[in-house]
Amino acid sequence: MRDEVARIGLVGAGNRGLDVYGEGVRRRPDLAVVVAVADPDAAALARAGVRLGIPAEGRFASAGEMLASGPALDAVIVASPDAAHVAPTLEALARGLPLLLEKPIAPDLEGVRAVERAGAGGDVTVGHVLRYTPFFRTVKELLDAGRLGRLVTALHTEN
């Protein structure tokens with residue numbers, strides 16, 4: 001076990017990246033600290049930098065920039081928009097960095113397979129954060145108790 005905190009690079013400074021993962025890391029400075037953030041939206045990048053205490057030299061317009069010239073990282077969180085998951089994931093894996101990849105892995109099967117090939121032997125965790133929200137926990141409890149009948153199929157569209 002390491003004695004120092006993990007240095008995290010965050011790709012995507014929107015709701016899921018900043019408000020969920022970034023805030024989660026910020027609340028546990030004994031475990032990790034976000035030292036770099038990448039987002040093409042200058043306002044989101046500035047907001048993340050201020051909230052997470054990341055100086056200007058740790059803020060990047062792209063994941064590629066962050067990974068190529070940013071501070072040393074121990075892991076990466078990819079929480080960019082769904083269509084932008086594959087490229088930063090492949091870049092992080094090419095650098096041997098473990099990563100937390102927000103779902104979906106990719107918007108198409110080709111992207112999923114590219115990540116699968118690149119991640120062979122790597123450390124990739126896919127985040128399914130909604131399963132832990134109070135709403136979905138309650139639905140699961142009601143289903144398990146048989147109060148909603150037998151689940152046959154489910155269709156869920158977020159937002």
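The following legends describe close-up views of salt bridges and strand pairing in a predicted model.

**View 1. The salt bridge between E102 and R16.** In this predicted model, the closest N and O atoms of E102 and R16 are 2.6 Å apart. The pair links distant parts of the chain: E102 belongs to strand β5 (residues 99-102), whereas R16 belongs to helix α1 (residues 15-26), and the two positions lie 86 residues apart in the numbering. Both E102 and R16 are buried. The structure holds nine salt bridges, and this pair is one of them.

**View 2. The salt bridge between R51 and D19.** The closest N and O atoms of R51 and D19 are 2.8 Å apart. R51 is found in helix α2 (residues 42-52) and D19 in helix α1, so the contact ties together parts that are 32 residues apart in sequence. R51 has a relative accessibility of 34% and therefore counts as partly exposed. D19, at 35% relative accessibility, also counts as partly exposed.

**View 3. The salt bridge between E23 and R51, and the network around it.** R51 also forms a salt bridge with E23, the closest N and O atoms being 3.6 Å apart. Because E23 is in helix α1 and R51 in helix α2, this pair ties together parts that are 28 residues apart in sequence. Salt bridges with shared partners join D19, E23, R26, R27 and R51 into one network. Within it, E23 is buried, with a relative accessible area of 8%; the cut-off for this class is under 20%. R51, by contrast, is partly exposed at 34% relative accessibility.

**View 4. Strand β2 and its pairing with strand β1.** Strand β2 covers residues 32-38; five of its seven residues are buried, so the strand is largely enclosed by the rest of the structure. Strand β1 (residues 6-11) pairs with β2 in the parallel sense, over six bridges. At one position in this pairing, G9 stands opposite A36 in β2. Together with α1, the two strands make a right-handed β-α-β unit. Helix α1 is also the element that holds R16, the partner of E102 in View 1.

**View 5. Strand β2 and its pairing with strand β3.** Strand β3 (residues 59-60) runs parallel to β2, and two bridges join them. V37 stands opposite R59 in β3. A right-handed β-α-β unit is made here by β2, α2 and β3. The helix of this unit, α2, contains R51, which pairs with D19 of helix α1 as shown in View 2.

Definitions and conventions:
Residues are numbered from 1 along each chain as its sequence is written. This is a predicted model: local features need pLDDT of at least 70, side-chain atom pairs count only at pLDDT 80 or more; totals for chains, interfaces and linings use all residues. Side-chain values use heavy atoms; hydrogens and water are left out. A salt bridge is a side-chain nitrogen of Lys or Arg within 4 Å of a carboxyl oxygen of Asp or Glu. Helices (H or I, at least four residues) and strands (E, at least two) are DSSP runs, numbered from the N terminus. Buried means under 20% relative accessible area, exposed over 50%, partly exposed in between (1.4 Å probe, protein chains only). Two strands pair if DSSP finds at least two bridges between them. A crossover is right-handed if, with the strands pointing away from the viewer, the path from the first strand over the helix to the second runs clockwise.
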